[in-house]
Amino acid sequence: MGGGVLRKEDPALVTGRASYTDNMKLPGMLHIALLRSPFAHAKITHIDVSAAREQPGVLAAFTGEDLADEWAASIPCGWQVTEDLKTPDHWPIAKDEVHHTGDAVAVVVASDRYKAQDALEYIDVDYEPLDVVLDMEEAIKEGTPLVHEELGTNTAFFWPLEVGDVEDAFEKADVTIKQRFIQQRLIPNAIEPRAVVAQPDPVNGGVVVYSSTQVPHFLKSVISVINGIPEHKVRAVAPDVGGGFGSKLNVYAEEALAVALARRLGVPIKFVEDRSENYLATIHGRDQIQDVELAVTSEGKILGMKVDIKSDMGAYLQLNTTVIPLLGAFMYCGVYTFGAYSFNCTGVFTNKTPTDAYRGAGRPEAAFPIERMMDMLAAEIGISPVEARRRNFYEPFDEPTTTPAGIQYDSMNMQPALDRAIELAGYEDLLAEQQRRRENNDPVQLGIGFSTYTEISGLAPTQVSVNVLGGPGLWDMSTVRMLPTGKAEVVTGTSPHGQGHVTSWSQIAADTLGITPDDVEVIHGDTDSAPFGRDTYGSRSLTVGGVAVYVAAQKVIEKAKKIAAHMLEASEDDIEFEGGRFSVAGSPDSNVTIVDVCGAAYLGNDLPEGMEPGLTGDYFYDPPNFTFPFGAHICVAEVDTETGKVTVTKYIAVDDCGPVINPTIVDGQVQGGIAQGLAQALYEEAIYDEDGNLVTGSMVDYMIPGAPEIPHMILDRTVTPSSSNPLGVKGVGEAGTIGSPPAVINAVIDALSPFGVTHIDMPASPMRVWDTIQAAKNGGDA
């Protein structure tokens, strides 16, 4: 662990030998395509699929009414965040009414995907358009049209939190700082769109579901519920998965639909979405209005904080829609200690694609306001952004410490991370160059943006996920088994889709068992071979699943020590284990190897009395607390004041995720996260017109940065072990996405501060930046 072991997954992935869901070809397999509503809100007054059934290669076509008897339950939301949560029916195919553009109204089954898509043109549908609800603040006003008439409201839930005396903090404040922030709607864009193959089992009435999913274990359970199949007759398999970023942390209508049609028709059914369909029918991310207020002393010390957010649910509640804004509820305080905090969240229905987890899932939304407001605080008090942060940091700690939001951080030492970032950036030289440009009225101004962030990872202690947030238990499980020849198999409940679990879990097991990573096989992503798990999301895999691997391997060694003591005719207390060899303390020549012990364990003829043969360890790990990685990011950006174009010239990230298992994998995760954070800050935004049509419905209109837009990154780390788990590890998969948006926007505003600019919404596109400069020059809001 900690070494630069090359990723074991990569040879297959980079030589075309990976197996994705769309690669699957099963005997008799048919393909489906879905007709989707062009209206954001409408009644279906007439639908006729008979002409589609007559098209070449078409085997069947169905409406929502045709399939109504296939469903044992509506598509569920997994988090009952309040007792009065409003949950609308969400059927795999709409029956009477559509609630967002892209809602499916019919399905065609054909011999290939393209014949199915062509036949959609022959389906006749009449719609009666209804009022469209798009604006969250309008949606919750009295008398506004309803997204779901049967609910009687557009408010899905209201969730409050208050810790300390907030009003007293604001009464004592010398300064109050208030700002509205917009977290724009984003589209995840995994490189592989969603795909599913459902294969019926005619013998036992069950089904195998192959899906490009992050969550095969949840898929198994939810398909059982929706389709009314006993859970033990559902097998879910995640083959190689081309990214997810949270968009595949879900169970979708098309998965349930493929299962229903496979069982109905008795043949395998495949669905693969195209990119435009992905933009309409796969979840979106973010989409919040945030009103935030700080109470501050004249010396720049924070006394209290108020947060009020409205979070767009979209038209339906997907698996995690309700909990995403609440994952950030405890994190708006950031890396700063103060006495009082309040948070209110209103979940709002609109006629848009549902929102759900997108990389960071509530944590980027929380880090952005506090990091922006630290710069606003600095400007108000007349100190530097660095000094404003230092005055409010925690003192270093390595034991659980209570935060303003009432939870406990596991460990933190922010000062060295910030100091190192400043050193790597060459901060004094940057300030000198910035001053030179300002004095010369250079049209290209230089900005320096800071972000000192923390995030909540390692989802999740079951007492929190169940008792506080109304969700499932989020433990994880591993089995480690040594084979007779001394090789090892690791069964994990995590389900990787780019994170490198096969490599990292091999490293953990190899170090613990005294073998090499090449002697370890990692088994994952199939609920038959890995029946227990809670899958991969929320920077949880290492801190929950990886720790489960470590403890299971320790249990193997505990049993192996007993066998070794028996073989060496010594007391178990005298047995030492190092480098794959058991020896007697004080007599290193008296030893046996782990291979010798494995052979004895499976031969079974000379084991300690009462011991079963074999050498296996099982462990369900339920973390006692989250983990809280942190870091200091600095963005250096040039802003062309004549065109509004922002160019990030250098990006420095010093992150602390505790002890590192594989540095290359960590660097890759940080780099990818920063790229997605830059994308939100400067480029990406899902936009709807007044009728609820997605205007940014393809990559022509939805701006995704390419390699030329990604800056040079300087990465480093500090190491502060977590107090929450025996490895001391913390998550890192979302760190870059959390730390980077405020760093970038702070840099843009810093560059434009000579013009009087104090705020700009994301994305800071050239037009938005130019307009902001003009407004500031003309004395308007900036």
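Trainee: How much space lies in the second largest pocket?
Mentor: Keep in mind that this model is predicted. Rolling a probe the size of a water molecule over the atoms shows where empty space is left. For the second largest pocket, that space comes to about 440 Å³.

Trainee: Which element gives the largest share of the lining of this pocket?
Mentor: The lining has 20 residues, and Asp-375, Ala-379, Pro-385, Asp-750 and Ser-753 lie nearest the centre. Elements giving two or more residues are α10 (363-381), α13 (427-439), β18 (444-454) and α19 (735-752). The largest share is 5 residues, and its source is α10.

Trainee: How many residues of that lining are nonpolar?
Mentor: Sort the lining of the second largest pocket by residue class. Charged residues number 4, and polar ones 5. The nonpolar count is 11.

Trainee: Now the open sheet. Which strands stand at its edges?
Mentor: The sheet has 3 strands, paired antiparallel in the order β22-β23-β24. An edge strand has a single partner, so one side is left without a neighbour in the sheet. That applies to β22 (575-578) and β24 (587-593).

Trainee: What is the bridge partner of Ser-583 in β24?
Mentor: Strand β23 covers residues 581-584. It runs antiparallel to β24, and 4 bridges join the two. In β24, the partner of Ser-583 is Asn-591.

Trainee: At what angle does helix α17 run to β24?
Mentor: Helix α17 spans residues 594-603 and lies across β23 and β24. Neighbouring strands of the sheet are themselves turned by 35° against each other on average, direction ignored. Helix α17 runs to β24 at about 50°.

How values were computed
Residues are numbered from 1 along each chain as its sequence is written. This is a predicted model: local features need pLDDT of at least 70, side-chain atom pairs count only at pLDDT 80 or more; totals for chains, interfaces and linings use all residues. Side-chain values use heavy atoms; hydrogens and water are left out. Two strands pair if DSSP finds at least two bridges between them. Axes are lines fitted to C-alpha atoms, for helices over the stretch in contact, and angles run from 0 to 180 degrees between N-to-C directions. Contact means heavy atoms within 4.5 Å. On a 1 Å grid over the protein atoms alone, a cavity is a set of points where a 1.4 Å probe fits but cannot get out, and a pocket is an open set with protein on both sides within 12 Å along at least five of seven lines; lining residues have an atom within 4 Å of a point. Grid points are joined across faces, edges and corners, and a volume is the space filled by probe spheres set on the points. Ala, Val, Leu, Ile, Met, Phe, Trp, Tyr, Cys and Pro count as nonpolar, Asp, Glu, Lys and Arg as charged, and the others, Gly among them, as polar.
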